[in-house]
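Thank you all for coming; I would like to walk you through one structure today, going slowly from one region to the next. Please have a look at the sequence and the model as they come up, and keep them in view while I talk.

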Amino acid sequence: MILEKVTEKRRQMLSDIVKLWEDSVRKTHTFLSEEEIIKLRPLVSLAVKKVEMLLIAKEENGTLMGFMGIENQKIEMLFVCPAFFGKGIGKALLLSAVEQYDAIFVDVNEQNSKALEFYKRNGFSVISRSKTDRAGNPFPILHMKWGKA
């Protein structure tokens, strides 16, 4: 696996990244309807374009395995292709964020219990809760911090 910071080719990779996001969300965010996923697609595309730092995990042959966006010490997005679930891709991205890029915060949908457990196993603790997501949708968000809360 290769972890790579994406710079000039971000726009060229955008459709592959958004496709990976969709595939991952369909497997992990069972609380979202298909209509909600479709509605979120342009917002995700914009977020990927604008996030301060974008890292990808890829195979030697260039196959995209996962991606992560970091901004202001916060992991804004971390998604892994379902074909690579359980293979250490998310953990490698997460450790890179913490160790190399000083990311110590992350938000998790409360209904996404697997992601919540993943972050807890890897040193994050819940520090607060919001009743809605940033857009005001009724999806509670858990705000987490790495290390002792």
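Let me begin with a question: are Y119 and F124 buried or exposed? Both of them, Y119 and F124, are buried. Before I go further I should say that this is a predicted model, so please hear every value that follows as computed from that prediction.

Let me stay with the rings for a moment. The structure holds three aromatic pairs. One of them joins F118 and Y119 in an edge-to-face arrangement, with 5.1 Å from centre to centre and 70 degrees between the planes. F118 has a relative accessibility of 16% and therefore counts as buried, the cut-off being under 20%, and Y119, at 6%, counts as buried as well. Y119 also pairs with F124, again edge-to-face, with the centres 5.6 Å apart and the planes at 75 degrees. Taken together, the ring pairs link F118, Y119 and F124 into a cluster.

F124 brings us to the sheet, since β6 covers residues 124–130. What is the order of the strands in this open sheet? There are seven strands, in the order β1-β2-β3-β4-β5-β7-β6, and the pairing is mixed. The edges are taken by β1, residues 2–6, and by β6; each has a single partner strand, so one side of each is left without a neighbour in the sheet. From one strand to the next, the twist averages 30 degrees.

At the β1 edge, the partner is strand β2, residues 53–58, and the two pair in the antiparallel sense over five bridges. If you want a residue to orient yourselves by, take V6, whose bridge partner in β2 is L54.

These two strands also carry a salt bridge, and I would like to spend a little time on it. K58 forms a salt bridge with E4, and the closest N and O atoms are 2.9 Å apart. The pair links distant parts of the chain, with K58 in strand β2 and E4 in strand β1, 54 residues apart. Both K58 and E4 are buried.

At the other end of the order, β6 and β7 run antiparallel and are joined by six bridges. Strand β7, residues 141–146, is also joined to strand β5, residues 105–109, by five bridges, and that pair runs antiparallel too. Which residue in β7 is the bridge partner of S125? That partner is K145, and K145 also stands opposite F105, so to speak of K145 is to speak of a residue with S125 as a bridge partner and F105 across from it.

Now to the helices, and to the charged side chains there. A search of the whole structure finds seven salt bridges, and the next two lie in helix α1, residues 10–28. K19 forms one with D23, the closest N and O atoms being 2.9 Å apart, and these residues are four apart in the helix, about one turn. K19 is partly exposed, with a relative accessible area of 47%, and D23, at 26% relative accessibility, counts as partly exposed too.

The other joins E22 and R26, where the closest N and O atoms are 3.2 Å apart. Because E22 and R26 are four residues apart in helix α1, about one helical turn separates them. Here the partners sit on either side of a cut-off: E22 is buried, with a relative accessible area of 10%, whereas R26 is partly exposed at 36%. Salt bridges that share partners then join E22, R26, E34 and R41 into one network.

E34 and R41 take us to helix α2, which covers residues 34–50. Its 17 residues, at 1.5 Å a residue, should span 24 Å, and the end C-alpha atoms are 25 Å apart, which agrees. There is nevertheless a bend of about 35 degrees in α2 at R41, and a proline, P42, follows within four residues. Which residues of α2 are buried? Among them are I37, V44, S45 and V48.

I will stop there, and I am happy to go back to any of these regions on the screen.

Definitions and conventions:
Residues are numbered from 1 along each chain as its sequence is written. This is a predicted model: local features need pLDDT of at least 70, side-chain atom pairs count only at pLDDT 80 or more; totals for chains, interfaces and linings use all residues. Side-chain values use heavy atoms; hydrogens and water are left out. Rings of Phe, Tyr and Trp (its six-membered ring) pair if their centres lie within 6.5 Å; planes under 30 degrees apart count as stacked, over 60 as edge-to-face and the rest as tilted. Buried means under 20% relative accessible area, exposed over 50%, partly exposed in between (1.4 Å probe, protein chains only). Axes are lines fitted to C-alpha atoms, for helices over the stretch in contact, and angles run from 0 to 180 degrees between N-to-C directions. The expected span of a helix is 1.5 Å times one less than its number of residues. The bend at a residue is the angle between axes fitted to the seven residues ending there and the seven starting there. A salt bridge is a side-chain nitrogen of Lys or Arg within 4 Å of a carboxyl oxygen of Asp or Glu.
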